[in-house]
Amino acid sequence: MRMLRSSHLRWRSRLESLCIPVGALLVALLLFGGLCALEGYNPLSVYGAIYQAAFGSRFAWQNTLLRAAPLMLSALCTVLPARLGLIVIGNEGALVLGGLLAAITGIQLAAAPTSLGLLAMALAGVIAGGLWIMVIGALRHFRGVNETISSLLMNYLAIAFLSHMVEGPWRDPSSLNQPSTFLIPDALRLGNLPPSRVHYGLLYGLAACAIAHLLIQRTTFGFAVRTVGGNRRAARMVGLATGKLTLAICFLAGSCAGLAGMVEVAAVHGRANGALHANYGYSSILVAFVAKQNSLTVILVAILLGGILASGSLLQRALEMPDATVMVLQGLIFLVILYSESLYGQIPWFREPRPSDDPSPAVHPPVLASATVTPPSPSGDLHR
Amino acid sequence: MTPDSLGWWGIPLAILGGLLRGSVPFLFVSLGECLTEKSGKINLGLEGSLLLGAVTGYALSFHSGSPWVGVLGAGGAGLGLGAIHAWLVQQRRVNDISVGIAMMIFGGGLANYLGKPYIQPIAPQLPALHWGDWSDLPAVQSALRVSPLLLIGIAIAVSLQWFFKATRWGLIVRAVGESPTAAKAMGFSVARTQTACIMVGAGMAGIAGAYLSLYFPGSWNENISSGQGLLAVALVIFARWNPIQCLWAALLFGGTQGLGPALQSVGIEGYYYVFNAMPYLLTLVIMVATCSPVRSSVGAPASLGQPRPDA
């Protein structure tokens, strides 16, 4: 009977979990249009420009995918710990350190064969990013330090470290306008996927999201992680090693962001400099939240947001809008998406008519759906 | 006499100057965050309020010609963002930490979006109190130039302490932060109290922003904040949710921020970025030292960060 009811419930709740985020995106776009109109821009031409620059042509699509690749990798840095009930926003720090270490490795291995050199660079990025976020997990587990705040602070430490390195010990004296490391050798540049100018980093991103999905949904490890995320105390009582799980998931999370840094260095910039922390840090947090911390949805949302980021320069050039326009849109999307969380189970049409033995309205979505689709909302228990 | 001729005495003097100048934004954001957290909610997005306050204050000062109008407007901008934040965190299933991250992006984006036309024009600045005029040394004079906002901030810290300790409303705020269910049973509105606290807290962050754009460094640009709003949460943990200790914490952080430029002024340059990162490192070290995995921090409101009881 229960089984029947829950499977019967499914299509409506699935429709709900599709309609609410899409509706939220539309509302955010409407609000954004209103804001543009207030400042004297024509909202319709703004929408048009965003679409043209993001998805309007083959060229635009390539631009979008170029930006989506690091977003996917970097978003996993928030997604994976969220499954464990932690809000980690250290994406930018891990990305910056991964990029810096990958660049230094590449410069050192100038004589190495391409495949070996690239592997070493990737490993350097992965390990640097992974250890960086693992520190956050360790502080949380052993000292009870709130992971959101520590990751925020560590972003600044990582950026200061990068600035120090590219201004001092590792500076290429010829980089005047933007202090940078030396260029990595051409042999170690990451190539493009054949008919396009989209680099292999996109494949890394897709693969990482798919692997993360399998890991979380299909393995014992992932089950343990989800159990801890559901109820930390209960998980400890049944004997799960929450500490080891925290460290492992934080390492994996950081390694994805570190790999994003390596991809940016090896495929886009060719060197490490301040451009590494230009865009992707906060945007990837947004990707993770809009994707409701689901690794596969991340792919879709990263492409969408990559498109929005790609439209920034056209908005600046064609419509003479400030470059922060894109950031306003991101902030609005983030706020409306968060609000839309509260609508689940509140809209009568999506609610299954309950049998008469249950007089209270369905306030919560089905337990099954909330366990597989949404992660537990972690409480920011600052004082624990 | 040039600052160089002061030799190594220039360092403590520059730190004192940096402390008096740099601590004001820390003081305002930490008092705002303290009030917010006493009511049981966390506002991680004060950086957004601070940035929007900075640009609003600068723009209003430019148009009205009076920097104090700018300060008021900045507070108003903070109140506005605080109202959005407060409304969102009262919804079911909405986590205040996530809203804070979103408000940080939104507020910062909106500030840069609206602030584009104000990068060039020069707005009237807040006046300063010249406490160093007894000295002939320009270094002493500039170090002891104090903003009236520092005095206002100290007054707010003292009165906030009195507010929590001795007033009925202060008691209501603390009751809501300690046990929302009990406060509700006593007939106080949890939502209304928290909304008021969040809004006033964000308003104070807005004033901190106006200080940045109208006093020190005293101009509007996109990198005007060096993360003062981000550090608010950490400062409050450091200050044990006590307004008077917020004052000491703010002075300490202002001094740390003055360290980098101070060393630069005597010719130690190589570690500029490392010194600039000192406040963050210091915060992290303090958090590691004072947090514990097993017990609550002393002074933390009991319901802080917990989900709403009726959600």
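**Exercise 1. A ring and its burial**

Does Phe253(B) count as buried or exposed, going by relative accessibility?

Some ground rules come first. This is a predicted model, where local features need pLDDT of at least 70, side-chain atom pairs count only at pLDDT 80 or more, and totals for chains, interfaces and linings use all residues. Residues are numbered from 1 along each chain as its sequence is written, chains are lettered from A and ligands numbered from 1 in the order in which they are written, and side-chain values use heavy atoms, leaving out hydrogens and water.

*Solution.*
- Step 1. Take the cut-offs: buried means under 20% relative accessible area, exposed means over 50%, and partly exposed lies in between (1.4 Å probe, protein chains only).
- Step 2. Phe253(B) has 1% relative accessibility, so it counts as buried.
- Step 3. Try Phe238(B): at 28% relative accessibility, it counts as partly exposed.

**Exercise 2. Aromatic pairs**

Classify the pair Phe289(A) and Phe334(A), then the pair Phe238(B) and Phe253(B).

*Solution.*
- Step 1. Recall the rule: rings of Phe, Tyr and Trp (its six-membered ring) pair if their centres lie within 6.5 Å; planes under 30 degrees apart count as stacked, over 60 as edge-to-face and the rest as tilted.
- Step 2. Over all chains, the structure holds 10 aromatic pairs.
- Step 3. The ring centres of Phe289(A) and Phe334(A) are 5.3 Å apart and the planes are at 40°, so this pair is tilted.
- Step 4. Place it: the pair links distant parts of the chain, with Phe289(A) in helix H11 (residues 280-290) and Phe334(A) in helix H14 (residues 325-341) of chain A, 45 residues apart. Helices (H or I, at least four residues) and strands (E, at least two) are DSSP runs, numbered from the N terminus. Both Phe289(A) and Phe334(A) are buried.
- Step 5. For Phe238(B) and Phe253(B), the centres are 6.3 Å apart and the planes are at 55°, so this pair is tilted.
- Step 6. This pair also links distant parts of the chain: Phe238(B) sits in helix H10 (residues 228-238) and Phe253(B) in helix H11 (residues 243-265) of chain B, 15 residues apart.
- Step 7. Add Phe26(B): with Phe238(B) and Phe253(B) it forms one aromatic cluster.

**Exercise 3. Charges over rings**

Which residues lie over the faces of Phe216(B) and Phe164(B)?

*Solution.*
- Step 1. Apply the test: a charge sits over a ring if NZ of Lys or CZ of Arg is within 6 Å of the ring centre and within 35 degrees of the ring normal.
- Step 2. Arg21(B) lies over Phe216(B), at 4.7 Å from the ring centre.
- Step 3. Lys38(B) lies over Phe164(B), at 5.4 Å from the ring centre.
- Step 4. Look at the backbone after Phe216(B): the peptide bond to Pro217(B) is cis, with omega near 5°. Pro217(B) is in the loop between helix H9 (190-214) and H10 of chain B.

**Exercise 4. The surroundings of Ser39(B)**

Describe the location, burial and partners of Ser39(B).

*Solution.*
- Step 1. Ser39(B) is in the loop between helix H1 (10-38) and helix H2 (46-64) of chain B.
- Step 2. At 0% relative accessibility, Ser39(B) counts as buried.
- Step 3. A polar atom of the Ser39(B) side chain lies 2.8 Å from the backbone oxygen of Thr36(B).
- Step 4. Leaving out residues up to four places away in sequence, Ser39(B) touches Val173(B), Val176(B), Gly177(B), Gln194(B) and Cys197(B). Contact here means heavy atoms within 4.5 Å.

**Exercise 5. The interface**

Characterise the interface of chain A and chain B.

*Solution.*
- Step 1. Chain A has 55 residues in contact with 58 residues of chain B.
- Step 2. The buried area is about 5000 Å², and carbon and sulfur atoms give 73% of it. Buried area is the accessible area (1.4 Å probe) that two parts lose on being put together, summed over both.
- Step 3. The rule finds 2 salt bridges across the interface. It asks for a side-chain nitrogen of Lys or Arg within 4 Å of a carboxyl oxygen of Asp or Glu. One of them joins Lys116(B) to Asp323(A), with the closest N and O atoms 3.8 Å apart.
- Step 4. On the side of chain A that touches chain B, the elements giving two or more residues are helix H1 (2-38), helix H5 (114-143), helix H6 (147-167), H11 and H14. H6(A) gives the largest share, 12 residues.

**Exercise 6. Positive phi**

Where do Gln293(A) and Arg240(B) lie?

*Solution.*
- Step 1. Gln293(A) is not a glycine, yet has a positive phi of about 55°. Gln293(A) lies in the loop between H11 and helix H12 (295-310) of chain A. With a relative accessible area of 6%, Gln293(A) is buried.
- Step 2. Arg240(B), also not a glycine, has a positive phi of about 55°. Arg240(B) is in the loop between H10 and H11 of chain B. At 21% relative accessibility, Arg240(B) counts as partly exposed.

Terms used:
Polar contact = N/O pair within 3.5 Å; in protein donor to acceptor, adjacent residues only side chain to side chain.
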